[in-house]
Amino acid sequence: MPRPAWSLHAYQLIEPDEQLDLFACREVRLHIVERQLELSGHADRTLCGGLLPAMPRWRSMERAALQDRRLCLHCKATLQAHRRGERAVWVES
């Protein structure tokens, strides 16, 4: 069975660790990362534009994760934009 053009399989979740990373998100949030990094994009960023933790704990992206209250709202908005065929919602500052 062919995979649709857009799929949750193209993404992974980063689970918060017991010790939060100083340079990444300082809140206990789940962040989404594209599984296939683009050469022209930021390889060290989440969908919301945050830096990846030094030692991320990866989890496969499942539909149930979209309902998790810890999911970063900016990552979720960017994921929904990707689904509509748009690019990143966040803007670097």
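1. Which residues in α1 are buried? In this predicted model, the buried positions of α1 are C75, T78, L79, A81 and H82. Because these residues cover an arc of only 160 degrees around the axis, they come to lie on the same side of α1. The face turned away from that buried side carries the exposed residues L73 and R83, and what covers the buried residues of the helix includes β1 and β2, the latter spanning 31-34.

2. As for the overall layout, the secondary structure of the protein amounts to 1 helix and 3 strands, and the elements follow one another as β-β-β-α when read from the N terminus. Among contacts between residues at least 6 apart in sequence, 60% join residues that are at least 24 apart.

3. The largest nonpolar core comprises 14 residues, and within this core L13, I32, M61 and L79 are the ones with the most contacts. Both β1 (11-15) and α1 (73-83) supply at least two residues each to this core. L79 therefore appears in two roles, as one of the buried residues on the same side of α1 and as one of the core residues with the most contacts inside the core.

4. I32 deserves a separate look, since the residues that I32 touches can be listed in full once those up to four places away in sequence are set aside: they are Y11, Q12, L13, T46, L47, M61, L71, C75, K76 and L79. This list takes in L13, M61 and L79, which are named together with I32 as having the most contacts inside the largest nonpolar core. It also takes in C75, another of the buried residues of α1.

5. Two local features outside the helix and strands may be checked by eye in the structure. Just after α1, G85 adopts a positive phi of about 90 degrees. In the segment before β1 lies S7, whose side chain reaches the backbone nitrogen of H9 at 3.0 Å. Why is S7 classed as buried? The relative accessible area of S7 is 15%, and the class applies because that value falls under the 20% limit used for buried residues.

6. On burial and surface for the protein as a whole, 29% of the 93 residues are buried. The area that the protein exposes is about 6800 Å², and carbon and sulfur atoms supply 53% of this exposed area.

Definitions and conventions
Residues numbered from 1 in each chain as written. Predicted model: local features only at pLDDT ≥ 70, side-chain atom pairs only at ≥ 80, totals over all residues. Heavy atoms only, no water. Core = buried A, V, L, I, M, F, W, Y, C linked by side-chain atoms within 4.5 Å. Buried < 20%, exposed > 50% of the residue type's maximum accessible area, 1.4 Å probe, protein only. Helix = DSSP H or I, 4+ residues; strand = E, 2+ residues; numbered from the N terminus. Contact = heavy atoms within 4.5 Å. Arc of directions from axis to C-beta. Polar contact = N/O pair within 3.5 Å; in protein donor to acceptor, adjacent residues only side chain to side chain. Areas by Shrake-Rupley, 256 points an atom, 1.4 Å probe, with all protein chains shown as cover.
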